[in-house]
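Student: Please take me on a close look at one part of this model, beginning at a single proline and working outwards through whatever packs around the helix before it. I would like the criteria spelled out as you go.

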Amino acid sequence: MPGDNIIVVFGATGRQGGTVARALNAHPAFHVRALTRNLDSPAAQQLTGEGIEVVQADLNDKSSLVSALNGAYGCFLVTATDFSEPVLTEVARGRNAVEACVAAGVKHLVVSSQLCPDKTVGFCAKQLDAKYTIQEIAQTMKQPHTGVIMPFYYENFLDFHKPERYDGHAFKLNIPMGHTPLDGMSVYQLGDIILNIFLSGSRFIGKVISVTADKLIVKEYAAILSKHLAPYQFKDAQITVAQFKEVFNHPGNVHIGNMFEFFVRVDQKHSIELTKQLCPDILPFEEWVELNKENFQRVLDLDANPGRPVRTQQPEGTAIFNIVKRY
């Protein structure tokens, strides 16, 4: 790729886009152009402070995308799911990005994709269906691309799916997977994977790869948390998808419940072996928990001295950083 070193990163102020932008920026082969709707946001300002070029662009405005992609060799595309919107709204934004890549002559698009529940088993999980459809659009438009399917983020245990306290020192994991292994990975290691895909030239163009760092049943996730956060104990709540949809307080509860049902019914074909080739230092869950013990103590309000009474509220002003410490 001599002379072709600009990589445009969509969603650069989010989790996936942010780690991709930073990993690419740290490598001398690439110049990163990070896209955001709001140049004044704290996340955008942080990227600028790290020496990354940040450009204003909006997925709803295709002309702004074509301009932002001018001269780019490659692009990383991830779209955000708003569960209050129809799935086709996210798809339309992704289509705008793909069409802009085609118009700009982008040689390699890497798109954050998923398998499609609606097409495979007949029920909708917006956050998966939209990303599958966007990757399919890239294929139909003959845009050279690689699809990357992410598993469940480890970081979800620190926010969206954090363990529920049901007794002073006891927590339960409300994840309806039963005895089916749930693939997992830290989202903050995605950057190294995308970096190595771009460094591989055309090797992965035309392919869809499913990455993962670990395959554990929920009971095994709970056992690892119990081991590293003792004397606090964690268990699998053993809830059904129907129960999950009732108790999960989130506007996307039905679609997220459908996602877990899809994971149980359909093999996602995540490959630890391929993931290790692309990111040799990928962290299994146990190593990630050990690195993030302080984050768990903060988020779950675990007393550093468990002999004292357990606090019932998180201290006001406490910041939450769901990161792998080496990043």
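**The proline after α8 and its surroundings**

Tutor: P231 lies in the loop between α8 and β13, where helices (H or I, at least four residues) and strands (E, at least two) are DSSP runs numbered from the N terminus. This is a predicted model, in which local features need pLDDT of at least 70 and side-chain atom pairs count only at pLDDT 80 or more, while totals for chains, interfaces and linings use all residues. Residues are numbered from 1 along each chain as its sequence is written, and side-chain values use heavy atoms, with hydrogens and water left out.

The peptide bond that joins A230 to P231 is cis, with omega at about 10 degrees. Most peptide bonds are trans, and most residues other than glycine have a negative phi; the second of these points will matter further on.

Moving back from P231 into the helix, α8 spans residues 218–228, and its buried residues (under 20% relative accessible area with a 1.4 Å probe, protein chains only) are V218, Y221, A222, I224, L225, S226 and H228. What do these buried residues pack against? Taking contact as heavy atoms within 4.5 Å, the list comprises four strands and two helices, namely β9 (170–173), β10 (182–185), β12 (214–216) and β13 (233–236), together with α12 (285–291) and α13 (293–299). The strand β13, which follows the loop of P231, is thus itself one of the partners of α8.

A useful single position from which to view this packing is G184, a residue of strand β10. G184 is buried because its relative accessible area is 0%. Leaving out residues up to four places away in sequence, G184 touches P151, F152, Y154, T212, A213, D214 and Y221. Y221 in that set is one of the buried residues of α8, and D214 lies within β12, the strand of residues 214–216. Between G184 and D214 there are 5.4 Å in space, C-alpha to C-alpha, against a separation of 30 residues in sequence.

From there one can move to P284, in the loop between α11 and α12. P284 is partly exposed, since its relative accessible area is 27%, which falls between the buried limit and the threshold of over 50% for exposed. Apart from neighbours within four places in sequence, P284 contacts Y154, A213 and D214, and these three residues are likewise among the contacts of G184. With respect to α8, P284 is 58 residues in sequence from S226 and 16 Å from it in space, C-alpha to C-alpha.

Another helix that repays attention is α7 (residues 190–199), which is largely enclosed by the rest of the structure because 8 of its 10 residues are buried. The buried set is L190, G191, D192, I193, I194, L195, I197 and F198. Just after α7, G201 takes a positive phi of about 65 degrees.

Positive phi values in residues other than glycine deserve a more careful check. D301, in the segment after α13, has a phi near 60 degrees, and with 6% relative accessibility D301 counts as buried. The helix before that segment, α13, is one of the elements against which the buried residues of α8 pack. K269, placed in the loop between α10 and α11 (272–278), is a second non-glycine residue with phi near 60 degrees. Is K269 buried or exposed? At 64% relative accessibility, K269 counts as exposed, whereas D301 is buried.

Finally, the helix before the loop of K269 is α10 (residues 253–265), whose axis comes within 8 Å of that of α6 (residues 126–140) and crosses it at roughly 70 degrees. This makes α6 roughly perpendicular to α10. Here axes are lines fitted to C-alpha atoms, for helices over the stretch in contact, with angles from 0 to 180 degrees between N-to-C directions; under 35 degrees is roughly parallel, over 145 roughly antiparallel, 65 to 115 roughly perpendicular and the rest oblique. In α6 the residues that meet α10 are K126, Q127 and L128, and their partners in α10 are H255, I256, M259, F262 and F263.
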